[in-house]
Every structure is written in C-alpha cells, then in structure tokens.
Amino acid sequence: MERYDLVIIGGGPAGYVPAIRAAQLGKRVAVAEEEELGGVCLNRGCIPTKTLVASTALLRNSRNARKFGLEGSLTFSWDKLSRRKDMVVKRLRKGVEAHLKHLGIDIVKAHAVLKGPGEVLAGDILLKTDKVLLSPGSVPMRPGPFAADEVQTSRDVLSWDTLPESLIIVGGGVIGCEFASIFASLDVGITIVEMLPSILPGIDDDIRQVVYNSLKRSGVKIVTGNAAESVKLTDNSAEVILADGMQLSAERILVSIGRKARTNGLGLSAAGVEYSSAGIQTDENQMTNLKGVYAAGDVTGKWQLAHAGSAQALAAVDHMFGRGNRKINPDAMPGCIFTSPEIAVVGPGQEEWEKRGIPVRTGISRYIANGKAVGMNETEGFVKIVARKIDGVVVGVQMVGADASSLIGEAIMAVNLGAKTSEIGEMIHPHPTLSELYMEAGESFGIGAIHG
C-alpha cells in the first residue's frame with residue numbers, strides 16, 4: 001500500500017500541473033490517468049486543433065501571395081497535416097511525462113475511483129493519501145438523436161483518415177466555429193447549425209459579427225435560431241432535420257454542442273461527494289464538501305478552459321500546502337477562439353456589464369488604421385476596451401483580428417491590476433506593432449486615438 005501527500009485523479013491540465021507544483025513544494029504525489037497524460041487538451045483538443053490552425057493559416061496566406069508581391073501557392077495533404085499534428089502532440093506529451101518522472105511523481109495508468117477521504121483505488125492498487133484532487137475532465141455532450149455511434153464528435157474528427165467533401169457542424173460555439181475555419185480552409189463544404197440566435201454566444205455582437213462575416217466569405221453556410229431535431233445516417237451521408245422542417249445533407253456530421261462534467265464511474269456518490277449534472281461543487285478554495293478532497297477543471301462545471309482548470313488546481317494546491325491566498329477571479333478569466341480571424345477576451349464584455357446594470361464606456365481601435373496590420377494584409381478586426389464609467393478602470397477587453405490570442409496578454413494585466421484607460425493611452429508602445437492597437441483603444445477614451 002502506497003502513501004502520498006496528494007493523489008490526483010486525472011492527468012489533464014487540471015491534473016499534471018498541480019502535480020508538478022505539489023512536487024516542487026516537496027510533496028509526494030501520484031497521478032492516476034487511464035488514458036494519455038495531458039488530457040483532452042493536449043491529446044484531442046487545444047494542441048492538435050491549434051496545430052491544424054497554424055497549418056491552415058499558412059495555406060490561406062499562400063493563396064493571397066500576390067497581395068504580398070509573391071508568386072505561387074501551396075497545396076495540402078490531409079495525411080501529412082495529420083502526421084504533423086500527431087508529431088506535435090506526441091512531443092509535448094513525452095515532455096510532460098519526462099517532467100513528472102524527473103520530479104519523482106508516480107504515474108498510475110489505471111481507472112481511478114475515490115473510496116473516501118484519503119483513499120483512491122487506481123485499478124487494483126489502493127493509494128493512501130492526505131489530500132485528493134479530482135480532475136477527471138469532461139466528455140462531449142451527445143443528447144437525443146446525436147447519441148448514435150456514427151455521429152462524430154471533436155475526438156473522432158481528429159482521427160479522420162480522409163476529409164469529407166461536405167460537413168454539417170451542429171453547434172456554433174467555440175469548437176464548432178474553430179473546426180469550421182479549419183475545414184473551410186481545406187476546401188470542405190461547411191454548414192453550421194446553431195439553435196441560438198447567433199453563433200459564439202457570450203461574445204459581444206460586434207466582435208462575433210466579424211467572424212460571422214469571415215466564415216460566410218469563406219463559403220461557410222450558417223443557420224441560426226433553428227435547432228437540429230433529428231439525424232439520418234448512412235455509410236456515405238448524413239441528413240439533419242431542423243425544427244422548422246428544413247433538411248440539410250452532407251457527407252458527415254460533427255456534433256459540437258458542448259461538453260459535460262465527467263462525474264460517472266468515479267465513486268462520488270458512494271464517497272459522499274456533493275455534485276449535480278453541472279459538476280462537482282466546490283468552495284472558493286476548490287474543496288468539496290469532504291475535507292481534504294478537492295476538485296478542479298471541467299468537472300467543476302465552471303469553465304471549460306485548460307488554463308482555468310490549471311488555475312483552479314494551483315489554487316487548490318496552495319490551499320493544501322501553501323498560504324491559501326490564491327483565488328480565482330471569474331471576472332478576470334481570459335479566453336481565446338482560434339477562428340480566422342482570432343477572438344480573444346478577458347473579463348465580461350460590454351453586453352454582460354450592461355446586463356449587470358454597471359454603466360460602462362468602450363474604446364475601439366481598428367486594425368485597418370494600424371501600420372503593422374496593413375503591412376501584414378490583416379486589416380480585419382478591432383480591439384475594444386470596456387471600462388467603468390465612474391472611474392475609467394478597465395473591466396473587460398474583447399478583440400478580434402490577427403494574433404488576438406497573443407495581444408490579449410496586455411489586457412489580462414490591465415484587468416487584474418485595475419489599470420485605467422488614461423494610463424493605457426499614455427503608455428509608450430513600440431512602432432510599428434499590433435500592440436499599438438491596445439494603446440490607441442486607451443487613447444480613444446480621451447480626446448481621441450491618434451490614428452482612429
């Protein structure tokens with residue numbers, strides 16, 4: 001029987017990251033993972049899809065070679081794109097495995113069940129521990145007609161041997177729109193079906209409209225405000241019937257209507273852990289109702305973001321073995337959407353603050369007025385800063401455009417540190433860079449941005 005300071009169920013970002021931190025603090029740690037270390041993010045989500053995003057971005061740019069004064073174009077092979085994707089995933093996964101082993105963290109490759117506070121059964125091995133962290137992640141939602149095995153999820157898509165000529169994507173959220181951008185670039189005919197009035201719910205309308213227009217220009221058909229009610233599948237085709245009777249057909253169908261907390265098969269009920277269909281309930285320190293048992297990541301039902309899961313898990317470890325000061329501020333949570341162009345946000349957007357009844361002002365700077373963006377042939381999009389009207393403190397930023405996922409870093413600092421728009425507008429930014437967009441959005445709260 002092994003004895004540990006911390007046993008973690010799940011080896012994704014909310015599992016291996018806290019394992020590393022606890023080991024750095026001198027604790028004896030075990031991670032129980034029945035599949036691959038890295039979880040969905042590294043193996044079947046963030047990393048493989050962003051590898052494909054990088055490949056298709058280069059392909060799209062090659063098609064605009066003449067706009068750069070160049071001749072020629074690129075072609076693609078799905079087989080070679082897939083091999084590169086798999087190579088990147090394997091390299092990163094081996095890096096995680098090596099790092100954990102170097103720190104003396106035990107990796108138990110087995111299905112794990114919580115037996116109670118201080119006890120985890122991993123396969124046929126009983127692990128005794130002072131603390132437990134539940135980080136089992138989430139699984140794709142496949143309700144009603146989408147439960148059939150032939151219906152593809154994001155996990156299936158990344159294992160495709162060949163590309164379809166046409167694809168229906170049910171769900172116009174982050175996952176659906178990212179796959180639409182990827183496959184439209186690879187000449188797949190795409191139709192997105194979203195039951196809500198617009199794609200990308202939770203993003204301000206003016207931001208998501210830029211992506212909507214870009215998808216439409218790339219040939220993507222978008223049907224909103226119309227739920228998919230039934231599916232007919234054959235070996236070579238898929239047909240979706242919508243609530244209003246509209247029929248859509250394609251070679252394949254991808255369901256991306258969200259994910260749900262993975263709570264089954266963990267022994268939660270028998271152990272006495274309180275949870276619901278949304279996920280495991282925790283306090284601000286990520287502790288469950290059982291003393292010494294914590295939960296982090298998708299299983300808590302709060303965010304389905306790798307960095308959020310890691311942050312929750314690090315807060316849990318800080319409470320277990322540190323000062324216990326680390327907390328998660330939901331109004332400072334960043335997120336990125338790797339469509340073309342990219343979307344990046346931190347904190348609630350303008351529409352959410354207005355729903356809360358908080359008076360806000362916004363400042364905007366457009367890519368088309370930025371010298372670096374014009375030189376890059378990336379003039380689509382803008383940066384929008386949201387500030388409290390009463391004091392000018394930045395409470396949110398949403399941006400859409402080239403490299404938005406990298407530009408958001410400065411906005412994250414501003415929101416977390418309570419910076420004021422006047423301060424941002426006066427900070428000297430290097431020229432010519434896309435970072436000037438953020439400075440000029442700050443300037444727009446005063447007399448006006450220099451370049452508009």
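This short talk goes through the overall build, the nonpolar cores and the empty spaces of one chain.

Keep in mind that the model is predicted. I will start with the chain as a whole. Its secondary structure comes to 14 helices and 23 strands. The radius of gyration is 23 Å, close to the 22 Å that the globule rule gives for 452 residues, so the chain is as compact as a globular protein of that length. Along the principal axes, the C-alpha atoms fill a box of roughly 65 × 60 × 45 Å. Of the 452 residues, 51% are buried. If we take contacts between residues at least 6 apart in sequence, 62% of them join residues at least 24 apart.

Next, the inside. The largest nonpolar core has 37 residues, and F183, I190, I192, L215 and I343 have the most contacts inside it. Which elements give two or more residues to this core? They are α3, α4, β8, α6, β9, α7 and β20. The largest share, six residues, comes from α6.

Take L215 as an example. Leaving aside neighbours within four places in sequence, L215 is in contact with C177, A180, S181, I192, I199, V220 and I222. There is also a second, separate core of 26 residues, with A23, V89, V96 and A296 among them.

Now to the empty spaces, beginning with a pocket. The second largest pocket has a volume of about 770 Å³. It is lined by 25 residues, and the closest to its centre are R60, S340, P341, E378 and E380. Helices α3, α6 and α7 each give two or more residues to this lining, with the largest share, four residues, coming from α3. By type, the lining of this pocket divides into eight nonpolar, ten polar and seven charged residues.

How many cavities of 30 Å³ or more are there? The count comes to two. The largest cavity holds about 40 Å³ of space. Its lining is P140, S154, I175, V255, S256, G258 and R259, which divide into three nonpolar, three polar and one charged.

The second largest cavity holds about 30 Å³. Lining it are V53, T56, R60, E178, S181, I182, F338, T339 and S340. Here α3 and α6 are the elements that give two or more residues, and the lining divides into three nonpolar, four polar and two charged residues.

One last point links these parts. R60 and S340 line this second largest cavity, and they are also among the residues closest to the centre of the second largest pocket. S181, another residue of the cavity lining, is in contact with L215.

Notes:
Residues numbered from 1 in each chain as written. Predicted model: local features only at pLDDT ≥ 70, side-chain atom pairs only at ≥ 80, totals over all residues. Heavy atoms only, no water. Core = buried A, V, L, I, M, F, W, Y, C linked by side-chain atoms within 4.5 Å. Buried < 20%, exposed > 50% of the residue type's maximum accessible area, 1.4 Å probe, protein only. Contact = heavy atoms within 4.5 Å. 1 Å grid on protein atoms, 1.4 Å probe; cavity = no way out; pocket = protein on both sides within 12 Å on 5 of 7 lines; lining within 4 Å. Points joined across faces, edges and corners; volume = space filled by probe spheres on them. Nonpolar A, V, L, I, M, F, W, Y, C, P; charged D, E, K, R; others polar. Rg over C-alpha atoms; globule rule 2.2 N^0.38 Å.
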